[in-house]
Amino acid sequence: MSGSVSSTVPSSSRLSRAITRRSLPRPSLNSGLMMWPLSIVNNSLKLIISLLALSFRTRLTRYAHDRYLGGITFYKASNLDTRCPNPDQLLVQDIDKWADSLSTLYSDIAKPIVDIFLFGYKLGQAIGKDAPAFMVSYFIFSGVVLRSLSPPFGKYTAMEQKLEGDFRFTHSRVLAHAEEIAFYRGGDREKTLVNATFDKIVNHVNTVIRLRFTNGVIDSVFVKYLATMLAYYLLARPVFDSSRATSYMGGAGADPTQIMEDYSRNSSYLVNLSQAVGRIILAGRDLTRFAGYTSRVSELFDVLDDIHSGKYESTMVTGNEAERAQTGKVSADDLKGQVETRDGIIEFKNVPIVTPNGDVLVKELSFKIDQGMNCMITGPNGCGKSSLFRILGDLWPLFGGHVAKPAPESLFYVPQKPYLALGTLRDQVIYPHTREQALARGYTDDKIMELLDVVRLAYLVEREGGFDAVQDWASALSGGEKHGYGGMSRLFYHKPSTFAVLDECTSAVSVDVEGIMYQHARKENITLFTVSHRTTLTKYHQYVLKFDGEGGYEFKRLHNEDDSSAFAFSHGKSSKSAKLGDLEATPVADEAAAEAPAAEN
Ligand SMILES: Nc1ncnc2c1ncn2[C@@H]1O[C@H](COP(=O)(O)OP(=O)(O)OP(=O)(O)O)[C@@H](O)[C@H]1O
């Protein structure tokens, strides 16, 4: 930080007077006492700037958290939009740097402005108004020249932050998948990838510091050396110019000691004035860096705003319409689907299953499930089983058709990958509720233990040291235990009033425990959608929705308890290479397909 209060002006002139008169100055009580206020003021400036930076960061981070973590924006920002690949870097580092940069900029500009007025006024009084005016004009001129010669450092700063984000991402991936990488002995491969992203930073920073060097040389010549020469010329002018000497520096024939004393005082004024103006000019450099951080942070907020208003930009989205193919944008106008909230039913009518990239997995899907009727979803990998539920859960946009479903709180989704929260063992079961919320619902530890008994995981409470134990649960629990804790026990705790989706979440659990879980769900009156490849599960379901992986599907009632064979696909196939734009050409859907099975109820 450059701002500090200077006390050099009076003391330097007293000292030069003492030197030229060869008499020791008397210790001054004034100077002794001034040490304390000066020291307090200087450190107060530092304190205020640090507090300012912290307060900028706090406010902006809280605001960003509200926007980013509100609803499911965090999911959409990384899955539906490709503009902000590393929002974590933006939230953690870029906002911090932005706040820091803004607060120092404030001191770099506010303090020198005060100095310019103060020392300009004093200098004007001492050697005439034209000297400070001349000095300030010179600095303005050199500021314009330097600005025009300066490379776009703001852009370089934004680029550097982006590369830092990519680098951080490669490291967090290694951490997140440490076990898998270790099994594959993939350390060397990961090192190559991590080093490659790090090399990009090194190359970029290398170029930037070289440019800063050249720029710094030019800056120094203009702001330091040429300015100093000019300053000493202005100071010496009254000494050698007899016409000026009559008005300043004690007049013609003044005492040399007096001239020296005045010269010394005036040069201190001028040095302080020059330093102040120079700092403002050099603050331009910090301003470009600040512009870089600002562009990063504002990019995040632009994306969040767009997501809130239903606009996404994905570089991979292509379509038949020329405009969409060029821009890769999905606007709210593209979303022609209708959603209706209806209790006790889930119905899809002519709904296209479209990925965020614009791939059409199924052109039109129609089915209807009433409460109490479990439905099994099968099909090859990547055919769109989970995608169907992403649309049902409003994670992906609805591009067409009509969906009727109960209110979000009546639907519960148990994902393929179990999620284990930061916190205690109890928190894993009641997530996202807090302990207070759980108690308010009547869930004491004893009652939670009953749930764990159902999923055969009660032994874990003792093993891990009680419900209050805190661990990195993702690594402390086995695959099946994670599914049990992060999935099924959570489902039974939340007990959705109507439907639940089990997305291959019981695959890591033994068949007998799986059976017990299904029976418990039925007892609790939870209607299940099960995505699974296990034919043993068919007996717990009344309907089956089977995708063929090429855009076709069949939805039918299971006549016999274990009827899991001989499906004839009743709906046309459409290649996965079909794109979002092709949806327009789809013929009007066959509503009867949706009605027929439902009619069997
Ligand atoms: N966020 C995403 N962005 C773009 N495409 C995606 C995204 N998520 C999934 N996809 C694509 O959508 C297709 C269907 O994925 P989905 O997860 O629905 O498959 P699935 O039928 O559940 O497969 P599996 O049985 O392997 O789990 C895949 O080709 C996948 O690449």
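These are my notebook entries on a predicted model.

**Entry: the sheet**

I began with the strands. Which order do they take in the open sheet? I read 8-9-10-6-11-12 for its 6 strands, and the pairing is mixed. Strand 8 (411–414) and strand 12 (553–557) sit at the edges, each with a pairing partner on one side only. I also looked up the twist: with direction ignored, neighbouring strands are turned by 15° against each other on average.

Next I went to one pair inside this order. Strand 9 (residues 499–503) and strand 10 (residues 527–531) run parallel, and I found 5 bridges joining them. If you want a place to look, try valine 501, which stands opposite phenylalanine 529 in strand 10.

**Entry: helix 12, on the sheet and at the ligand**

What does helix 12 touch when it packs on the sheet? I noted strand 6 (375–378), strand 8, strand 9, strand 10 and strand 11 (543–547). The direction of helix 12 makes about 145° with that of strand 9.

Helix 12 (residues 385–392) turned up again when I checked the ligand: with 3 residues, this helix gives the most to the surrounding shell. How many residues lie around the ligand, and which come nearest? I have 13 in my notes, with Thr355, Asn381, Lys385, Ser386 and Ser387 as the nearest. By character, the shell divides into 9 polar residues, 3 nonpolar and 1 charged.

**Entry: helix 10**

I then followed helix 10 from end to end. The helix covers residues 256–308, which is 53 residues. From first C-alpha to last I read 75 Å, close to the 78 Å expected at 1.5 Å a residue. Where does helix 10 bend? I place the bend at arginine 285, and the angle is about 30°. Just after the helix, glycine 310 takes a positive phi of about 80°.

**Entry: backbone oddities in two loops**

A reminder to myself before this part: most residues other than glycine have a negative phi, and most peptide bonds are trans.

Arginine 185 caught my eye for its positive phi, near 55°, in a residue other than glycine. I traced arginine 185 to the loop between helix 7 (178–183) and helix 8 (187–240).

Is the peptide bond between tyrosine 431 and proline 432 cis or trans? I logged this bond as cis, with omega about 0°. Proline 432 has its place in the loop that lies between helix 13 (425–430) and helix 14 (435–440).

How values were computed:
Residues numbered from 1 in each chain as written. Predicted model: local features only at pLDDT ≥ 70, side-chain atom pairs only at ≥ 80, totals over all residues. Helix = DSSP H or I, 4+ residues; strand = E, 2+ residues; numbered from the N terminus. Expected span 1.5 Å × (residues − 1). Bend = angle between axes of the 7 residues up to and from the residue. Near = placed C-beta within 6 Å. Nonpolar A, V, L, I, M, F, W, Y, C, P; charged D, E, K, R; others polar. Pairing = 2+ DSSP bridges. Axes fitted to C-alpha atoms, helices over the stretch in contact; angles between N-to-C directions. Contact = placed C-beta atoms within 7 Å.
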